[in-house]
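Colleague: I am new to this structure and would be grateful for a close look at a single part of it. Please choose one part, explain each term as it arises, and show how its pieces are held together.

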Amino acid sequence: MKTTTTAPDYRGYRFPPEIISHALWLYFRFSLSFRDVEELLAQRGIVVTYETVRQWCLKFGQTYANELQRRRPRYGDKWHLDEVYLKINGKTHYLWRAVDQDGNVLDILVQSRRNKHAAKRFFRKLLKRLQYVPRVIITDKLKSYGAAKREILPGVEHRQHKGLNNRAENSHQPTRLQGIPWRLHSNYYMSHFHGLWPVHTSEQ
C-alpha cells in the first residue's frame, strides 16, 4: 500500500527547519525523552523547552513515519505475531506486534485483552493496512490466534511453536527495555507513529 508523503510545513515557527528536524531526529532515532532533547540542544546553544519539542513531535512525527515507510522494501509474506504485557496507569495492557521474515515491523496495537476478539481485531488491522494476505503466520501457542485465524484468515498456513516465533519476541525487546509504566499518551504514539521504532518512554 502506497503511503503519501508531504514535505513538513515549517512556516510560522520561530526556529529554522534544520533545528526542528534535528530535534525530531534525536528524539525518534535514540529513544530520548523530551527533556533529554532539550538538554542536548541547550549544550549546542539552542534554548528550547521540552514542551516545544513535544509539540514538534506531535506536529511532524507522522510525516517522519510516512517517509520511513515509503523507503522500506516490500513486506514479506510470512508474518510473525506476538504480544507482551505493559502497565499503563497501573493497568495491564497488551502490545500486539507483527513483523515479517525480514524483521520489518508490520503493525502494532495496544489492547486490554489477549482473547479471540483482540486477536481478530489485530488481524483486521493488519489486513486493512497492508492490503494483502500472508502466506504463513507464525505465533506462539496462545489459543486466541488459532481461533481468530480460522475466521479471518482461513486459507493461510498457521505454525504455532514457541521457538519459531523468536523474531516477533525479539522485536519486543526495545519496549521491554525502555521503561514501564507508560502514560496514556504512549498509546497515541504507538497507534499513529508505528513507522517509528523503538517506541519512546513518556515524560516522567
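Modeller: Helices and strands are here runs assigned by DSSP (H or I over at least four residues for a helix, E over at least two for a strand), numbered from the N terminus. By that rule the protein has eight helices and five strands, and from the N terminus on they follow one another as α-α-α-β-β-β-α-β-α-β-α-α-α. The part chosen is the sheet, with the helices on it.

The model is predicted, so local features are given only at a pLDDT of at least 70 and side-chain atom pairs only at 80 or more, whereas totals for chains, interfaces and linings use all residues. Residues are numbered from 1 along each chain as its sequence is written, and side-chain values use heavy atoms, with hydrogens and water left out. The average pLDDT (the predictor's confidence in each residue, from 0 to 100) is 79, and 73% of the residues score at least 70. Over residues 175-189 the pLDDT is below 50, although this stretch has 44 contacts (heavy atoms within 4.5 Å) beyond near neighbours in sequence. Residues 195-204 also have a pLDDT below 50, with 43 such contacts. Where pLDDT is low, the predicted coordinates should not be read in detail.

Now to the sheet itself. Five strands form an open sheet in the order S3-S2-S1-S4-S5, with mixed pairing; two strands pair if DSSP finds at least two bridges between them. S3 and S5 (157-160) are the edge strands, each pairing on one side only. On average, neighbouring strands are turned by 20° against each other, direction ignored. S1 pairs with S2 (residues 91-100) in the antiparallel sense over ten bridges; in one of them, histidine 80 has valine 99 in S2 as its partner.

Two helices pack on this sheet. H4 touches S1, S2, S3 and S4 (136-139), and its direction makes about 145° with that of S3. H5 touches S1, S2, S4 and S5, its direction making about 175° with that of S5. For these angles, axes are lines fitted to C-alpha atoms, for helices over the stretch in contact, and the angles run from 0 to 180 degrees between N-to-C directions.

Charged side chains add further links. Side chains of opposite charge can pair when their charged atoms come close. The structure holds eight salt bridges, a salt bridge being a side-chain nitrogen of Lys or Arg within 4 Å of a carboxyl oxygen of Asp or Glu. One of them joins arginine 114 and glutamate 83 at 3.2 Å, N to O. Arginine 114 lies in the loop between S3 (105-111) and H4 (116-130) and glutamate 83 in S1 (residues 78-88), so this pair ties together parts 31 residues apart in sequence. Residues are called buried under 20% relative accessible area, exposed over 50% and partly exposed in between (1.4 Å probe, protein chains only). Arginine 114, at 38%, is partly exposed, while glutamate 83, at 8%, is buried.

A second salt bridge, between lysine 125 and aspartate 107, spans 2.9 Å from N to O. Because lysine 125 belongs to H4 and aspartate 107 to S3, the pair ties together parts 18 residues apart in sequence. Aspartate 107 is buried at 1%, and lysine 125 is partly exposed at 25%.

The two packing helices are also linked. Lysine 120 and glutamate 151 meet in a salt bridge of 2.9 Å, N to O; lysine 120 sits in H4 and glutamate 151 in H5 (residues 143-152), 31 residues apart. Lysine 120 is buried at 16%, whereas glutamate 151 is partly exposed at 42%. Through shared partners, salt bridges join Lys116, Lys120 and Glu151 into one network.

One further residue of the sheet deserves attention. Tyrosine 85 lies in S1 and is exposed, with a relative accessible area of 53%. Leaving aside residues up to four places away in sequence, tyrosine 85 touches Thr92, His93 and Tyr94. Tyrosine 85 and tryptophan 96 are eleven residues apart in sequence and 8.8 Å apart in space, C-alpha to C-alpha.

For the protein as a whole, buried residues make up 48% of the 204 residues. Among contacts between residues at least 6 apart in sequence, 57% join residues at least 24 apart.
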